[in-house]
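Please give a guided tour of this structure for someone who has it open in a viewer. At each stop, say what to select and what is there.

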Amino acid sequence: MSAAAMHAPRWGGIDAALAAMRVSTTRRHRSWMLAIYLTLLASACLLGIFVPAESSRAEGLGFFVAIANFSVWAGWLSRLVLLQKEAASLQAPGIAAAVSRALLYAAVLSVFLPGLALLALGVPAATAFGASAVGVLGGLLFALMPWPAAIGLLMVPAAAPALAPYLPPMGPFALVAAAAFGLLMLVTCWRSVVRSADPADIPAWRRPVMLQAPGGMVAWTDPKVAAAPDAPRIHEGWLVAMPRPDHAGPHAPRAAIDALLAGPMGYVAKRTVLRQWALMAFLVLAVLMIPFRGDAPLVRDALLIGGVVGLLGGGWTLAMRLERQRRRVSGELAELALLPGLGDPGTAAARLVRSIGMRLTQLMLFALAGLLLLARVQALALSHVVMLVGLSAGVSAASAFLCASVLAGRHLASWRTGLIMSPMLVAAIATLMLTLLRNPLPTHALAWPLVWTVLTAAYLVAVRSPLRSVRARPHAFLLD
Amino acid sequence: MNAMLERSLSAFDTTAPLAADGLIKQYDHRSVLRDVSLAIEPGAVLGLIGRNGAGKSTLIRAMLGLIEPDAGHATVWGVPALRLTDAIKQRLGYVPQQPEAMAWLQVGEMLDFIGRFYPRWDAPYVDATLERWQLPRNRLLAKLSPGERQRVAILRALAPRPELLVLDEPASALDPVGRRELLREIASRAGESGTTVLFSTHIVSDLERVASHVAFLHEGQLLLHSELDSLKERNLRLHVPESVAAQLREDVPGEVSRRPHPYGGLSITVLRGEDTPWPDLLQVPGVRAEALPLEDLFIEVSA
């Protein structure tokens, strides 16, 4: 983001606002966010056209629009607030005014255009505009809130139906009060972001999501963006502790690699692992034991499925973090490249591959454990359990391919990677829908294990290509 | 035994500690290094100077094998930089521009950890320097100021008593006292231990204080590489009056830059070769000459 690139005096109204939106992030990130936004809006419109009128149709379409607005505001447009913060620190009122206009125009457009589209599809005005506005408010709040509150916000759609029986009916007064409370929260969080001097000075649990890694999401979608230093790492706590390299050294080179790549390896001390597992077990037990009423299984399953999907995405996260390390020119990879005692380049590369392989195996075993727990909770049939095991194997193989690609110096955010991963994504979504969401299994159920066997084998074969590239590289710790 | 043998051999090593040959590097179709060739003599202190974005850091990274060049190759004591052996790495110290590695560790913890990898790690020097620089061992690296962080990185690079020290803008975050201390340290290492030093900077006064050699990098091209004292003696700015300037048809031998003089005529900067005489223009009546300070020469060369 470059506030200095904006020439405020030359600008007038809409031009200035558009320019502010442009400079708030990179072109590639904008394209990704717009693609997601338009896909969700198009899905809402298509559903509106083809789905017959039912009692839940209006809410369903509203939900899609709210999610679309949430994504684009949380992922992109909230970054305008960062630009506003920069403008304030640079004492550039012209830019600050342009950013305010950009926010206003974007909010008006993203509430009214999708709202009008829903109106045209027969959705009541209150639902159409209300859902759009909730999406905008939610997206902004998510980006500006401290992360524990942001996670709480994400749980609201799941928790609301469960809590509904305990709450009094929501009249107009309650709705206005809820909206006012949301706006008050927004203003408070907004001010804290704009006025914060150095994000590293804010304890991690109080730091707004967008200040955790201001360049993080942009860097994920755009390999050209340099990764920011890891300032937040100083805020270790009892749950997030980094490893101490007490037992690492030339006598234990793999431990040294693990210690230096602590961030991407997600490697932590045993005591911390125990704490993390205890907390996870507590959360799972709590979800299992809460006496939900009404839509109880749906809410409980949504929470558990969300957790398992998060575990399944662990390999992808690991690959992303490794790629990020390659872009930190003065980071741990440069240190590893020049550190003696790790062996010749071939041996060091093999050690790095083994380290990452071990970590990936751990992550995927956790994911499998989560899937099996879910299968037990839902009392799934054996055929469904087999599908979930297949899913776990396929995702593991695909994750291995992603990690090996990063080690080979390839970029993850590419159409090529997207294309290679798409069969796995389609099969994974279908498998989760068929098993965990209890859709009836089609007659060709036996085809699914075959699908996952083929996909797993294909990804495992594909891993050989990047691994060959890893071996062909001069050394394993090359920077971009 | 092997280490001792290596050390005694290294004392007589005449291979260039650091050399680059025809390095080319592009990022997004933009040339960052354009056919850069450079060799640093043993015991030399080479100041690599260039404007921001000239490619200094990229050159250093390519010369140390941290990035793979698109063409050309670099060597460290004759060993390909991309395939450094442990023995070579033990003789090498590197300070990156903005050190940010292992931010979650405490100062002492990081130094103890790194020290295990170097047989010649000078622990007493580490302790004494930490005390002198008032850097507490139990402070998290991430909580240090940029200047303190840079000091720790410098200490980490000096503690293994390297024979080759590579520093990427080492003084950029240091206060004047810190800068002076660092330069003194570099000068003493080079003078007493014969350490070869490559450091990049855009602060010309730093370079003049300690460098024995200087290299100008501009838009990825190495414009100049010379001994510093010789360079100071081989450049002149010529003030050519209008009447003489009108008769100049070709470039003056060794001409580096030419610009209109504010009071008429031309201002021509000339850099002659080691064994080349000054151009005849110098003898023409009305032409005045003055030796340029290094900073002015840098500006003329990179203009």
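**Stop one: a core residue in chain B**

Select L46(B). Beyond its neighbours within four places in sequence, L46(B) is in contact with I40(B), V197(B), L198(B), A211(B), H213(B) and A215(B). The model is a predicted one.

**Stop two: the cores**

Widen the selection to the largest nonpolar core, which has 136 residues. L46(B) belongs to this core and, together with C403(A) and M63(B), touches the most other members. Next, select helix α18 of chain A, residues 382–407: this helix gives the most to the core, with 13 residues. Another core, of 59 residues, lies apart from that one. To find this second core, select I67(A), V81(A), A128(A) and L141(A), which are among its members.

**Stop three: where the chains meet**

Show both chains and look between them. On the chain B side, 31 residues are in contact with 32 residues of chain A. In chain B, select α3 (86–90), β6 (92–95) and α4 (107–115); each supplies at least two residues of the side that touches chain A. The most comes from α3(B), with three residues. Colour that side of chain B by residue class: 17 of its residues are nonpolar, four are polar and ten are charged.

**Stop four: confidence**

Colour chain B by pLDDT. The average is 86, and 95% of the residues score at least 70. Then select residues 1–12 of chain B, where pLDDT stays under 50 and the model has four contacts beyond four places in sequence. Predicted coordinates should not be read in detail where pLDDT is low. For the model as a whole, the scores are ipTM 0.86 and pTM 0.75.

Terms used:
Residues numbered from 1 in each chain as written. Chains lettered and ligands numbered in written order. Predicted model: local features only at pLDDT ≥ 70, side-chain atom pairs only at ≥ 80, totals over all residues. Contact = placed C-beta atoms within 7 Å. Helix = DSSP H or I, 4+ residues; strand = E, 2+ residues; numbered from the N terminus. Nonpolar A, V, L, I, M, F, W, Y, C, P; charged D, E, K, R; others polar. pLDDT = per-residue confidence, 0-100. Core = buried A, V, L, I, M, F, W, Y, C linked by C-beta atoms within 7 Å. Buried ≥ 20, exposed ≤ 12 C-beta atoms within 10 Å, placed from the backbone.
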